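Biologist: Could you take a close look at one part of this model for me? I'd like to hear about the cysteines, and then whatever else you can walk me through.

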Amino acid sequence: MVPTDVAPFTLRQATGTLAEGAAKLAGELDAATVETVLAEANRNAVRKGAPAAFGSMARPSEWYAFDGGDQETVDWYPQGLTCGEDSGSLSVPVFVVTWYYRPEAGERGIRVSFLSPQTLKYRNALLVEAKPDGSYRPIDIHAGGVACYGHLLYVADTTRGLRVFDLTKVLDLRSKQGDLGDPERIGRHGGKFHAFGYRYVIPQTDAWQVVTKGARFSFVGVDRTTTPHTLISGEYVDDETTGRVARWNLDLTDGVPRDAYVMGQKKVQGAISHNGTWYLSQAAGSTANGKLLVHSGGEFAARPFPIGPEDLTALGSKVWSVTEFKGKRVVFGVSL
């Protein structure tokens, strides 16, 4: 972890018409709280399901697998992970997972899963971009990471920076119509709202874009052990020399990072700092175990990690991640 120039990660706020579009849509649909979404959850996670995700490593004490449909789909892939503790304001325990839609034809954008570790219930909601006239469309990005702070979700947009979504604007399509519209359509058509069959949509309200192109935003995390709290993002690269990670003070009002580092590690899918220690999630393909790389000074220490580990978040005394591959999709935690 070698200090490096923060300038490539400098961001500028680029709200444009995003807030106006989200407000227009929110004026026509009722908003639901995260608590309500969990109460209306329509999918069941499986405690200690999909054990193949752990490959050759010893299984952790706790993990949650997605249901059969989300486990086996080849259309959607989980990527980002955050939790209610990152937020500091959500009143119920919750994990939030981002997914991206893989097929090139018939783009369906990105979605989030709200998963309760208490009830093992979860529900998926579609993230959308709304326009000032109240129309909306899917967002075609990788969504490699997500962080929740206060009522805001920060979602990684690989080459552009961070997209921002407001959890006070989780909008319920059923609030204004008797059904969920056409499961093959998105937006407003024929006087009805459609969202590919999803009940809830969350419109983007803001954006923080890189000032100079070049830095990549492959993952996102929160460190609540720094003063002030910090937002973290960095780069997935295929070599060990160029991948960087940066941190910004929260609330994010200034786009200049407080610090940045060259990680000296390749294929990093997630990174967080916690009490002065760095944790990196390193992937090794769809069949081999990844590694959890831990840095508290000196050299990195490598610990066993599952197959296909992605973004990271800290909860309690554990670091949590999500795995992406078909039949091996779990949210799991290991000791910090």
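Is Cys-83 buried or exposed?

Modeller: Keep in mind that this is a predicted model. Cys-83 is buried, with a relative accessible area of just 1%. Cys-148 counts as buried too, since its relative accessibility comes out at 0%.

Now for the bonding side of things. A disulfide is a covalent bond between the sulfur atoms of two cysteines. Searching the whole structure turns up zero disulfides. For Cys-83, the closest cysteine sulfur is the one in Cys-148, and at 8.4 Å that is too far for a bond. The cut-off here is 2.5 Å between the sulfur atoms, so the 8.4 Å gap rules the pair out. Looked at from the other end, Cys-148 is in no disulfide either, and its nearest cysteine sulfur is that of Cys-83.

While you have the structure open, have a look at the sheet as well. Four strands make up an open sheet, ordered E23-E24-E25-E26, and the pairing is antiparallel. Strand E23 (268-274) and strand E26 (301-307) are the edge strands, each pairing on one side only. Going from one strand to the next, the twist averages 20°.

To zoom in on one edge, E23 pairs with strand E24 (residues 277-282) in the antiparallel sense, over six bridges. Within that pairing, His-274 stands opposite Thr-277 in E24.

Methods
Residues numbered from 1 in each chain as written. Predicted model: local features only at pLDDT ≥ 70, side-chain atom pairs only at ≥ 80, totals over all residues. Heavy atoms only, no water. Buried < 20%, exposed > 50% of the residue type's maximum accessible area, 1.4 Å probe, protein only. Pairing = 2+ DSSP bridges. Helix = DSSP H or I, 4+ residues; strand = E, 2+ residues; numbered from the N terminus. Axes fitted to C-alpha atoms, helices over the stretch in contact; angles between N-to-C directions.
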